[in-house]
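Let's take a walk through this structure together. Have a look at it first, and then we'll start from one small spot and work outwards.

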2 protein chains.
Amino acid sequence: MGQVISITPEIDKTSRVPVYQQLFTYMKKQIESGVISENDRLPSIRQLAAYLLISKNTVEMVYQQLLAEGYIHSKPRSGLFVLPVERLPVPGHTAVAGAPPTREAQAPDKCTEAWIDFEYGDVELAHFPVKQWKRCLMDALDDLTNDVYGYGDRQGHAGLRTEIASYLYQSRGVLCGPEQIFLSAGTQQSISLLCQLLPLSPQVAMEEPGYHGVRVVLANHGREVMPIPLEHDGVSVDLLQASKARTIYVTPSHQFPIGTVMSVQKRVQLLQWAANNDGYILEDDYDSEFRYQGQPIPALKAMDTGDRVIYLGTFSKSFLPGARLSYFLLPQSLAHSFRTVMQAYSGSVSPTLQVAVYHFMEKGYFEGHVRKMRRLYQLRHKTLIRAIQEHLGNRVDIIGQKSGIHLLLNVYNRSSAELIELAARQGVKVYTPKIHWMDPEACPDSYILLGFASLSEEMIREGILRLGASWFPAQG
Amino acid sequence: MGQVISITPEIDKTSRVPVYQQLFTYMKKQIESGVISENDRLPSIRQLAAYLLISKNTVEMVYQQLLAEGYIHSKPRSGLFVLPVERLPVPGHTAVAGAPPTREAQAPDKCTEAWIDFEYGDVELAHFPVKQWKRCLMDALDDLTNDVYGYGDRQGHAGLRTEIASYLYQSRGVLCGPEQIFLSAGTQQSISLLCQLLPLSPQVAMEEPGYHGVRVVLANHGREVMPIPLEHDGVSVDLLQASKARTIYVTPSHQFPIGTVMSVQKRVQLLQWAANNDGYILEDDYDSEFRYQGQPIPALKAMDTGDRVIYLGTFSKSFLPGARLSYFLLPQSLAHSFRTVMQAYSGSVSPTLQVAVYHFMEKGYFEGHVRKMRRLYQLRHKTLIRAIQEHLGNRVDIIGQKSGIHLLLNVYNRSSAELIELAARQGVKVYTPKIHWMDPEACPDSYILLGFASLSEEMIREGILRLGASWFPAQG
């Protein structure tokens with residue numbers, strides 16, 4: 001195993017460039033140029049912080065970002081190591097090199113074999129902790145009060161908000177109090193409430209492509225949605241700057257649907273843009289629980305010293321879509337007045353379910369469940385990538401393969417309509433991500449969106465095998 | 001008991017005035033003028049329909065409206081009877097004659113006695129069928145499918161929508177299919193979705209006063225709210241006509257907060273206004289389950305042959321605020337396109353709770369629960385009226401005493417601030433309804449809003465006794 005390397009950047013604490021950005025840029029360059037090489041071990045956070053006379057928080061943030069962007073990896077009980085050069089992240093899409101399909105796929109008989117549905121959004125139910133959840137619901141219902149049976153606290157159950165605040169600190173590096181958290185019946189409902197009750201600017205920017213479900217809600221609240229193109233490491237802040245928008249909706253941890261991670265530089269630029277323009281950033285952290293390489297990336301909100309980020313979270317991916325439980329976290333500066341204007345609103349999440357989820361978190365079930373699902377989805381994700389390499393080989397690109405519960409395929413020179421139709425003949429449902437482009441024509445027609453969370457490894461293998469057989473029947 | 005009277009109106013089927021309005025007007029005049037007198041029994045629906053050669057539906061609607069407006073009453077197994085003249089409805093407020101308080105009330109010690117809170121909105125929990133509800137929830141959770149645990153049908157669980165449609169037919173006279181029903185997480189959420197997804201006019205009229213919670217949501221969706229004054233039998237259709245509004249939100253069964261029932265003439269005029277102006281009527285039927293005199297009034301929607309009424313219902317008053325379960329019913333002409341634009345939206349009501357409520361209705365528990373609560377609230381209502389008569393006597397008016405789970409007091413020549421303060425000193429919380437006036441200055445300052453659903457008869461008596469002691473200490 002490699003030696004502990006020494007890191008000696010020139011940190012200028014008087015510079016306008018934040019210290020963590022200076023350190024991050026330095027280390028990234030050292031790795032890319034090979035000065036710090038494969039399998040070198042990084043000094044511990046404590047060591048480097050003491051050596052550079054900077055805070056441990058700063059070093060931790062830099063390390064987490066390096067992990068997030070795939071420059072280093074963590075070995076349990078050993079430390080952090082630099083990844084081999086050929087595995088370093090490259091800008092843009094990652095081409096998957098792989099052997100062509102090795103067996104002639106059989107066309108399955110649609111009448112006798114089950115459909116395999118790669119729809120995005122569903123989660124695995126077979127591993128859901130039904131007993132624990134039932135127990136939590138029953139415990140909630142044993143408390144015959146208005147906190148459970150009535151309208152409840154319009155902001156959300158105080159205990160649950162405290163659990164969420166603690167979860168956000170531990171998992172996402174976000175420091176906040178329960179009084180900043182507001183519950184809602186889904187991310188769309190969060191966006192709707194923000195549009196109704198905050199003075200959000202009339203123009204709202206969104207990554208292009210970006211989550212259609214939010215774009216529609218913004219438009220239906222009279223906001224003009226400004227599409228801002230993605231660059232390889234996140235949204236173009238230059239083009240954002242040139243737009244009239246003073247609010248932007250982004251997915252920094254895992255761009256939807258492309259799957260990129262927003263670079264730390266972009267994060268800093270975005271925060272500066274907001275500070276300079278009295279703007280707000282809506283950060284949707286929809287599936288950050290599911291990262292399979294390195295540790296979780298801290299949320300953009302964790303860097304938000306200027307109170308410019310409104311953080312959006314949900315239990316729909318990590319726990320239970322059926323609870324219809326999401327939340328948003330307002331900066332202190334907005335939270336108080338929001339509570340005031342919210343007085344005229346009833347809550348939209350069942351207090352019974354809120355109390356049940358509170359019990360589920362407080363007993364540690366939630367943490368255990370997320371860990372279990374992360375392992376499960378990681379295996380499925382690995383199986384999916386392998387199956388694609390084996391059966392679709394070098395005739396496709398995989399886009400956004402690092403995390404989450406979906407990825408994109410670019411099937412060279414084919415149209416999604418044709419691909420969907422051919423797949424259907426083999427009993428496989430696949431989808432075009434076109435709807436997530438504000439200008440659907442701009443979506444490469446050869447893109448296919450694959451969600452895989454609710455499919456077993458066996459179904460994933462079978463599904464991709466069938467796709468190979470249907471899309472490339474002559475070869476193999 | 002009185003004789004069966006004969007009714008011989010001249011019905012003109014060629015007139016522009018609908019047959020039921022002709023019949024209703026005729027009968028009302030006959031009763032008011034004493035031609036049909038106290039305790040006369042009305043002919044059965046079948047008899048009168050056959051005699052006048054009109055449909056049974058028409059007669060039924062007229063009878064229900066007469067019941068609703070308090071001209072007749074129903075005796076089980078005997079039929080419908082005309083009420084004594086002194087109990088006939090009079091326009092405007094109903095003064096309560098009663099003896100002055102007969103005992104000198106003791107000032108309770110706030111430190112040792114519990115507060116008595118007349119807040120509107122809460123419902124009785126002590127009689128909630130916890131066991132049945134738990135069983136329904138557990139049954140729902142035993143079905144480990146996306147219908148229960150996933151996002152579910154965005155329009156709402158099909159079985160539950162079918163149950164609601166059947167309930168609306170049986171209880172409210174509304175004929176509709178489950179495909180016209182859309183679930184939402186509360187009436188405010190219903191209004192929000194309608195504003196977002198329907199081309200509702202930029203100006204929306206509301207009764208003045210009217211439910212503040214809806215007015216705020218309309219305004220927060222960019223609608224200009226036009227307050228239309230109430231007349232003794234409902235909103236002024238003349239002033240509505242003169243306004244720019246092409247949509248109106250009304251509470252015909254039980255005006256909120258005043259408590260009047262919209263007359264059949266007003267209903268007809270309102271429907272004609274909508275038909276002539278390509279307008280829509282949002283009918284909020286929030287507490288129609290709780291009528292204590294006569295049978296339930298049919299909904300305005302039941303008369304809506306022109307597809308102009310959007311009906312809003314909720315389970316928050318009749319069942320469980322904690323389920324956050326409401327719904328709206330669209331005319332056939334709107335339902336299809338609404339489903340299309342709704343494709344981009346996830347549902348906001350937990351599918352788990354939807355399935356549980358489905359079981360609760362399908363097993364007949366809901367009907368039984370509503371019956372039980374109606375009896376319970378009726379007793380509390382009666383107790384409240386008696387206690388007011390006894391302890392507040394002729395120094396107050398009761399406004400809107402016929403139904404529902406709230407009423408208004410007009411305390412002659414006193415200010416609500418003073419009344420609230422004095423009540424608090426005796427450990428009683430009462431509220432001003434001012435917020436429900438778009439122009440709060442227009443709310444008579446002497447009005448107090450009393451909700452009573454969650455208070456036992458004993459607490460109601462004690463609460464009113466304390467109000468008497470605090471408001472009128474020198475007398476007694």
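Our starting point is C136(A), which counts as buried because its relative accessibility is 0%; buried here means under 20% relative accessible area, exposed means over 50%, and partly exposed lies in between (1.4 Å probe, protein chains only). C176(A) is buried as well, with a relative accessible area of 14%. And how many disulfides does the structure hold? Over all chains, there are 0 disulfides, where a disulfide is a pair of cysteine sulfur atoms within 2.5 Å.

Before going further, a word on what you're looking at: this is a predicted model, in which local features need pLDDT of at least 70 and side-chain atom pairs count only at pLDDT 80 or more, while totals for chains, interfaces and linings use all residues. Residues are numbered from 1 along each chain as its sequence is written, chains are lettered from A and ligands numbered from 1 in the order in which they are written, and side-chain values use heavy atoms, with hydrogens and water left out.

Now for the sheet in chain A. It's an open one with 8 strands and mixed pairing, and the order is 5-12-11-10-9-6-7-8. Strands (E, at least two residues) and helices (H or I, at least four residues) are DSSP runs, numbered from the N terminus, and two strands pair if DSSP finds at least two bridges between them. At the edges stand strand 5 (181-184) and strand 8 (234-235) of chain A, each with a single partner strand, so one side of each has no neighbour in the sheet. For strand 5 of chain A, 4 bridges link it to strand 12 (residues 326-329) of chain A in the antiparallel sense. Within that pairing, F182(A) has F328(A) as its bridge partner. Helix 6 (residues 158-172) of chain A packs on the sheet here, touching strand 5, strand 11 (309-314) and strand 12 of chain A, and its direction makes about 110 degrees with that of strand 5. Such contact means heavy atoms within 4.5 Å; the axes are lines fitted to C-alpha atoms, for helices over the stretch in contact, and angles run from 0 to 180 degrees between N-to-C directions.

Move along to strand 9 of chain A. In a regular strand the side chains alternate between the two faces of the sheet. Here T247(A) and Y249(A) point one way, I248(A) and V250(A) point the other way, and all are buried. Strand 9 of chain A pairs in the parallel sense with strand 6 (residues 203-208) of chain A over 3 bridges, and M206(A) has Y249(A) as its bridge partner. Strand 9 of chain A also pairs with strand 10 (residues 280-284) of chain A, again in the parallel sense, over 4 bridges; there V250(A) is partnered with E283(A).

What comes between strand 9 (247-250) and helix 10 (264-277) of chain A? A loop, and S263(A) sits in it. S263(A) is buried, with a relative accessible area of 1%. Its C-alpha atom is 8.2 Å from that of P252(A), 11 residues apart along the chain.

Over in chain B, there is an open sheet of 8 strands with mixed pairing, in the order 5-12-11-10-9-6-7-8. Take strand 12 (residues 326-329) of chain B: S326(B) and F328(B) on one side and Y327(B) and L329(B) on the other are all buried, so both faces are covered. Strand 5 (residues 181-184) of chain B joins strand 12 of chain B through 4 antiparallel bridges, with L183(B) opposite Y327(B). Strand 11 (residues 309-314) of chain B pairs with strand 12 of chain B, antiparallel too, over 4 bridges, and T314(B) stands opposite S326(B).

How do the two chains relate? A turn of 180 degrees and a shift of 0.0 Å along the axis lay chain A on chain B with an RMSD of 0.1 Å, the copies being superposed by least squares on the C-alpha atoms of residues with pLDDT of at least 70 in both. The two copies are therefore related as by a two-fold rotation axis. In chain A, the C-alpha nearest the axis belongs to H221(A), 3.2 Å from it. The same surface serves both copies, since 100% of the contact residues of chain A recur in chain B.

The contact takes 48 residues from chain A and 48 residues from chain B. About 3,900 Å² is buried between them, with carbon and sulfur atoms giving 59%; buried area is the accessible area (1.4 Å probe) that two parts lose on being put together, summed over both. In chain A, Y149(A), Y151(A) and R324(A) lose the most area to chain B, together 18% of what that side buries.
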